[in-house]
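Please open the structure in your viewer and keep the selection panel at hand. The tour moves from a single residue to a strand and then to the whole chain.

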Amino acid sequence: MRRLRVLAIVIAIVSLGGTAWAYWGALGSGVGTAQTGALNPPTTVTVPATSTGTVHVTWTASTGTPLPTGYRVTRVLDSTDASAVACDGPVTGTACDDQSVPDGSYHYTVTAVYRSWTATSAASSSVVVQTPTQLAFTAQPSTTTASSAITPGVAVTVKDAAGAAVPAAGIQVAVALGTNPSDGTLSGTLTATTNSSGVASFGNLSIDKASVGYTLTASSGSLVGAISGSFTVTAAAAARFVITSQPVSGTASTSATLGPITVARQDAYGNPVNAPAGGAAVNLTSSSSGARFAATSGGAAVSSITFPAGTSSTTFYYGDTTVGPPTITASGALTSATQTETITPAAATRLVFTTAPVSGTAAQTAVLGPITVQTQDAFGNPVNAPVGGRTVNLASDSTGTKLFAASLNGPGITSVTIPAGSSSTTFFYGDTKAGTPTITASSTGLTNASQLDTITAAAPGKLCLAPSSSLVCVAPLTLPKNATSSLYVVLHDQWENVATATSTITVTLSSTNGTIPSGMTIAAGQSNGVFSFKPPNGSATGIITATASPLTGVTVNYTAN
């Protein structure tokens, strides 16, 4: 048997983008070649036109036999043809992300790998890689009116380190106030996302406070922020009056000396607004009837003042005779302004009875009241007593027995004290004399207070005789001789005041000498009754008696002349 030794030599020749071929050589008889298959390169290598550091590479898988076991991705710098491996390790799929790519312009190739065989694709189109590092205002804010949208809108662009715009979409950018000279508030949509050109647009920004020198800031994560150019916010149209000074306080007075009080013209956002040419008027009123306004301290009374042209505020002064918290109002073509002031009493000047005059029946105890006496200033405002209180002396012009007391039916006093911190005190009054006594309250340094009270008779308690219709009781009586006289039985209370019957009173009459009826009546509501009496002829004396139970009767001697 013939032995044949064969040496097999395999030579593989692969050209970029070409077909893989295999050859065998043999020692022995005959020489032959054979094509066993092809490793084809991937196709349609695709990259985006721009990227911000991570390049997404895709391709179409190789076809034919054998199929590749993976792919190598190569990044090539356009300006130098320097290449670098992209996407670590062989990629088994048909896409990869090349991360942390430096700024520049690149193209990519993808090589199919099968064992030691390779097949490289055609180059992709170029991708420009730009890394965003900073922001810049590319549409600056401009002068605007308070709380109105800045027009045209503000724009912020993403840029690289060289200052070139980076067309990166989806980056969130926030704006805020930078320089804020009037403590304004920035309103509107304060966060926007960049479009495909790398621009974030802000179309409805506004600031409420007027001032010069505002700036905006822009920020986005780790990117270097930006500051806009300065711009101005002007006041909107005048909308309201505002009293900008603190509330005033002072004593009651007929002069306007409290102030100056400042009233301003403002827009709806609190910005001062100057008056137009010719000025602007504002009317002044108060809830108090004792109010007075003046343009200057102590000046003539006014009911309005004027904002001079080109100014946003003016001043006035206030006075009031009434104690309390009056509300003053500045009104006119704009929304009104109000403020509550404080008016305290002036110095005490007088005493005043603040309760109505009292009336009651005669008594020896103080039962009428309480009567209130008060310390007041010249305008009728109550004034509190100083530390230690204020002594008030009490008096009456009654000729009867009069009595003052600090409490109902209390012991007699001649003065009362207004306690410290209070403006008034009370007392009670009693009097045995029917009439209209004047009571007086006095205190050092103050004008007296006086009041006319009314004292009526108490219940009937006894009888007396009067020789005439004057009802003045007389004892003894002197009567004319041989003549009939009209005598009056008069009802008295226990203090000799003429009293009134509350029901019919029957009076029994008698005389030791002369002609007299046996009796008479005093009707309810009457204070006396009359009867006829005739002494005997010639000089005579006698006794007349009148009785009416349970009243005390009367016995009167008479003489007829």
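Select proline 42 first, together with its surroundings. Leaving aside neighbours within four places in sequence, proline 42 is in contact (heavy atoms within 4.5 Å) with Trp59, Thr60, Ala61, Ser62, Tyr71, Val110, Ala112, Ala119 and Ser121. The model is a predicted one, in which local features need pLDDT of at least 70 and side-chain atom pairs count only at pLDDT 80 or more, while totals for chains, interfaces and linings use all residues. Residues are numbered from 1 along each chain as its sequence is written, and side-chain values use heavy atoms, with hydrogens and water left out.

Next, display the backbone on either side of proline 42. This residue lies in the loop between strand S2 (21–25) and strand S3 (43–46); strands are DSSP runs of E with at least two residues, helices are runs of H or I with at least four, and both are numbered from the N terminus. Is proline 42 buried or exposed? Its relative accessibility is 2%, so proline 42 counts as buried, a term for under 20% relative accessible area, with exposed meaning over 50% and partly exposed in between (1.4 Å probe, protein chains only).

Now draw a C-alpha to C-alpha distance from proline 42 to valine 498. The two are 456 residues apart in sequence and 142 Å apart in space.

Move on to strand S47, residues 485–492. Seven of its eight residues are buried, so S47 is largely enclosed by the rest of the structure. Add strand S45 (residues 462–466), which runs antiparallel to S47 and is joined to it by five bridges; two strands pair if DSSP finds at least two bridges between them. Within this pairing, valine 490 of S47 has cysteine 464 opposite. Then add strand S50 (residues 528–533), also antiparallel to S47, with six bridges between them. Here tyrosine 488 has valine 530 in S50 as its bridge partner.

Finally, zoom out to the entire protein. It holds 52 strands and zero helices. The radius of gyration, taken over C-alpha atoms, is 60 Å, well over the 24 Å that the globule rule (2.2 Å times the number of residues to the power 0.38) gives for 561 residues, so the protein is more spread out than a compact globule. Along the principal axes, the C-alpha trace spans about 215 × 70 × 40 Å. Of the 561 residues, 39% count as buried. Among contacts with a separation of 6 or more, 62% come from residues 24 or more positions apart.
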